[in-house]
Amino acid sequence: MIIKNGHVVNAKTGMDEITDIIIKDEKIIAIGQSDRFVAEDDIVKDDYVIDATGLVVAPGLIDVHVHFRDPGFTYKEDIASGAAAAAKGGFTTVVCMANTKPAVDNTETLQYVIE
């Protein structure tokens, strides 16, 4: 798979540029202009190429302060809608605040949240 022309941002390495990412066997094998790494003959199908022009490509974001309000206040937000919104925004990890009613302080309520 090749992600082409994305605005690649990686705070750890300081990368902040428009470039390509080449992925093989679910691992990033190269970052840079794909024509330097992959011959056109190696691209079998167009669905292996993602045009990320105008998009940001970055490691998954983490939010350690989310209010999913579930259980107890699902009319404000629930786990499903909060998780969907987080994923849409590029968040791969979230930490829910403990302001639910009932509190998540027993096995039964925790099991509900996990499920």
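## A walk through the predicted model

Gly14 sits in the loop that runs between strands S1 and S2. Please keep in mind from the outset that this is a predicted model. Gly14 has a relative accessible area of 56%, over the 50% cut-off, so the residue counts as exposed. We can use this loop as a starting point and look at the strands on either side of it.

**Strands S1 and S2**

Strand S1 covers residues 2-10 and strand S2 covers 15-24. How many salt bridges does a search of the whole structure find? The search returns one. In general, side chains of opposite charge can pair when their charged atoms come close. Here the side chains that meet are those of Lys4 and Asp20, with 3.5 Å from N to O. Lys4 belongs to S1 and Asp20 to S2, so this pair ties together parts that lie 16 residues apart in sequence. Are the two partners buried or exposed? Lys4 is partly exposed, at 26% relative accessibility, while Asp20 is buried, at 1%.

S1 also holds Asn5. The phi of Asn5 is positive, near 60°, although the residue is not a glycine. With a relative accessible area of 32%, Asn5 is partly exposed. A second non-glycine residue with positive phi is Glu26, at about 65°. Glu26 is placed in the loop between S2 and S3, and its relative accessible area of 81% makes it exposed.

**The second largest pocket**

These strands take part in the second largest pocket, whose volume is about 160 Å³. Which residues come closest to its centre? Of the 13 that line the pocket, they are Val8, Ile21, Ile28, Ala58 and Pro59. S1, S2 and S3 (27-31) each contribute at least two residues to the lining. S1 gives the most, with four residues. If you are thinking about the chemical character of this lining, the classes are 11 nonpolar, two polar and no charged residues.

**The loop before helix H1**

Further along the chain, strand S6 (61-66) and helix H1 (79-88) are joined by a loop that contains Asp70. Asp70 is buried and has no salt bridge. The nearest side chain of opposite charge belongs to Arg69, 11 Å away. A salt bridge requires the atoms to be within 4 Å, so Arg69 does not qualify as a partner at that distance. What Asp70 does have is a polar side-chain atom 3.3 Å from the backbone nitrogen of Ile79.

Asp70 is also joined to Pro71 by a cis peptide bond, with omega of about 15°. Pro71 lies in the loop between S6 and H1. At the start of H1, a side-chain oxygen of Asp78 reaches to within 3.2 Å of the backbone nitrogen of Ala80. After H1 comes Gly90, whose phi is positive, near 95°.

**Beyond the helix**

Strand S7 (91-96) and helix H2 (107-114) are linked by a loop in which Pro102 is found. The peptide bond from Lys101 to Pro102 is cis, with omega near 10°. S7 includes Val95, which counts as partly exposed at 38% relative accessibility.

**Separations across the model**

The table gives some C-alpha to C-alpha separations, which may help you get a feel for the overall layout.

| Residue pair | Apart in sequence | C-alpha separation |
|---|---|---|
| Gly14 and Thr107 | 93 residues | 43 Å |
| Met1 and Lys76 | 75 residues | 39 Å |
| Val95 and Lys24 | 71 residues | 31 Å |

Met1, from the table's second row, belongs to the segment before S1. Its relative accessible area is 41%, so Met1 is partly exposed.

**Places to look in the viewer**

For the charged pair, select Lys4 and Asp20. For the cis peptide bonds, display the step from Asp70 to Pro71 and the one from Lys101 to Pro102. For the pocket, Val8 and Ile21 are among the residues closest to the centre.

Note on methods. Residues are numbered from 1 along each chain as its sequence is written. This is a predicted model: local features need pLDDT of at least 70, side-chain atom pairs count only at pLDDT 80 or more; totals for chains, interfaces and linings use all residues. Side-chain values use heavy atoms; hydrogens and water are left out. On a 1 Å grid over the protein atoms alone, a cavity is a set of points where a 1.4 Å probe fits but cannot get out, and a pocket is an open set with protein on both sides within 12 Å along at least five of seven lines; lining residues have an atom within 4 Å of a point. Grid points are joined across faces, edges and corners, and a volume is the space filled by probe spheres set on the points. Ala, Val, Leu, Ile, Met, Phe, Trp, Tyr, Cys and Pro count as nonpolar, Asp, Glu, Lys and Arg as charged, and the others, Gly among them, as polar. Buried means under 20% relative accessible area, exposed over 50%, partly exposed in between (1.4 Å probe, protein chains only). Lys and Arg count as positive and Asp and Glu as negative; His and the chain ends are not counted. A polar contact is a pair of N or O atoms within 3.5 Å; within protein, one must be able to donate a hydrogen and the other to accept it, and residues adjacent in sequence count only if both atoms are side-chain atoms.
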